[in-house]
Amino acid sequence: MIEKFPNPVDYAVPIFILLIFLEMIWAKRRAPEKYEPRDTLTSMAMGLGSTVAGVLVAGSVWAIAMAVYADRLMTLPFALWAWVLCFVLDDLAYYVFHRSAHRVRWFWASHVNHHTSQHYNLSTALRQTWTGFISLGFIFRLPLIWLGFHPAMLFFCGGLNLIYQFWIHTEAVDRFPRWFEAVMNTPSHHRVHHATNPRYLDRNYAGVFIIWDRMFGTFTQEVADEPIRYGIVKQLGSFNLFWVSFHEWIGIARDLWSAPWQHKLGYVWRPPGWSHDGSRETSDMIRKKWQERQAWTRSTSS
Amino acid sequence: MMLLLAKLGASLAAILALAGFAKWLGLGRPPRVQDAADAKRVADMIVPGFEPVEITLDRAGSGALMRDASGRCLLIRPHGATFAGRLLDTATKVDLDKDVLTVTPNDRFFGPARFDLGQQAANWAKVLRMQSR
């Protein structure tokens, strides 16, 4: 029987703490507005809650994973090439999951918490969901297990992926050399992802490799002279942990209750902001209106 | 189990220490709305394309009330070291106390926003109450 590997994130936590500490000192010297104590407290409390939630459901996730593995297509070995392939394919699976988590309200309800901070710093990286298991987000990894990667290998690669994504949550780093920015997810690329500027909405879903966004048409470059507004389209305006965790689930429940029968499911599977009567706006609608305004401004100023 | 509880306890201690450190460093002071142009900039960030035709700043710079040409009203107020805002609708509660207007959007967790608007407070109370009818 193969033992599970240790969770690499557990070993990275002391480094996370040290880096947050250093970033705060950087902020004090260069940009004090980049941190807000209550926002940071909320982010880290969300991270702690997410860890507790993970512990509570770990057994169930493992059981499901092993049940799928029992019916695998082939058996991929614990060889170096398989580890590399697993890491890359897991990152692709993460891209698919992450894109769904922005385009399907059900998955968004679990992922939105991570985006609720109006700040972008290393503590934001820890603002993780408490309802990941409830939203069934783990199903995006199951195809790789069915293909033949052992769950222990996959979850270890997932941990490494998570560790990589921690350090990109910062404004302390501008840009890396072009070759690096071309392939890897970076602070610049991920700032775009966390932005609510219309040009940046629903872009740059990458975990480790930005190549998936370039391949599938979801990449946008950060523009130097446009200040980024972080958070979500309708900012919460609250540091309340309960509201941060559950506001979108509550929103879905309210909409399911009040929507006409033929439209109820739309409020679950369609993009966030969709409404049967057009009274709300999706990211695509916000972007389209912004593009029209830009075009009008250009035509009147020329 | 004991090890897990110890890890969680240590994590909680680290969290409180980091948040306390941020507070001790004086990070994240509440922002101020400097002038009408600043209010316009913030409004566009909160509601892209919102172009106010009427702007009244809180006298201490702690936010603003704005109205656009189509009659939509927007409040902005500090949220930590940034601003948050709400488009106001028919469910908005308005309380006027001389020069101070307290506006409570239909969003329990957003909470009320208090504006010291001077002589403009009564005008805004009228405008917002008419919206509520």
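User: What makes up the area buried between chain A and chain B?

Analyst: In this predicted model, the area buried between chain A and chain B is about 3000 Å², and carbon and sulfur atoms give 73% of it; buried area here is the accessible area (1.4 Å probe) that two parts lose on being put together, summed over both. Contact, meaning heavy atoms within 4.5 Å, involves 39 residues of chain A and 31 residues of chain B. Local features need pLDDT of at least 70 and side-chain atom pairs count only at pLDDT 80 or more, whereas totals for chains, interfaces and linings use all residues. Residues are numbered from 1 along each chain as its sequence is written, chains are lettered from A in the order in which they are written, and side-chain values use heavy atoms, with hydrogens and water left out.

User: Why is the pair B:Lys7 and A:Asp10 called a salt bridge?

Analyst: A salt bridge is a side-chain nitrogen of Lys or Arg within 4 Å of a carboxyl oxygen of Asp or Glu. The closest N and O atoms of B:Lys7 and A:Asp10 are 3.7 Å apart, so the pair satisfies that rule. The rule finds one salt bridge across the interface of chain A and chain B.

User: Why is A:Arg287 called buried or exposed?

Analyst: Buried means under 20% relative accessible area, exposed over 50%, and partly exposed in between (1.4 Å probe, protein chains only). A:Arg287, placed in helix α13 of chain A, has a relative accessible area of 8%, and therefore counts as buried. Leaving aside its neighbours within four places in sequence, A:Arg287 is in contact with residues including A:Tyr200 and A:Asp202.

User: Why does A:Met74 fall into its accessibility class?

Analyst: A:Met74 has 39% relative accessibility, so it counts as partly exposed. A:Met74 lies in the loop between α2 and α3 (80–103) of chain A, and, leaving aside its neighbours within four places in sequence, is in contact with A:Leu147 and A:Gly148.

User: How do you know that A:Glu23 has no salt bridge, and what does its side chain join?

Analyst: A:Glu23, found in helix α1 of chain A, is buried, and the nearest side chain of opposite charge, A:Arg191, is 8.5 Å away; Lys and Arg count as positive and Asp and Glu as negative, while His and the chain ends are not counted. Set against the 4 Å limit, that distance leaves A:Glu23 without a salt bridge. A polar contact of 2.4 Å joins the side chains of A:Glu23 and A:Tyr35, the term meaning a pair of N or O atoms within 3.5 Å, where, within protein, one must be able to donate a hydrogen and the other to accept it, and residues adjacent in sequence count only if both atoms are side-chain atoms.

Notes:
Helices (H or I, at least four residues) and strands (E, at least two) are DSSP runs, numbered from the N terminus.
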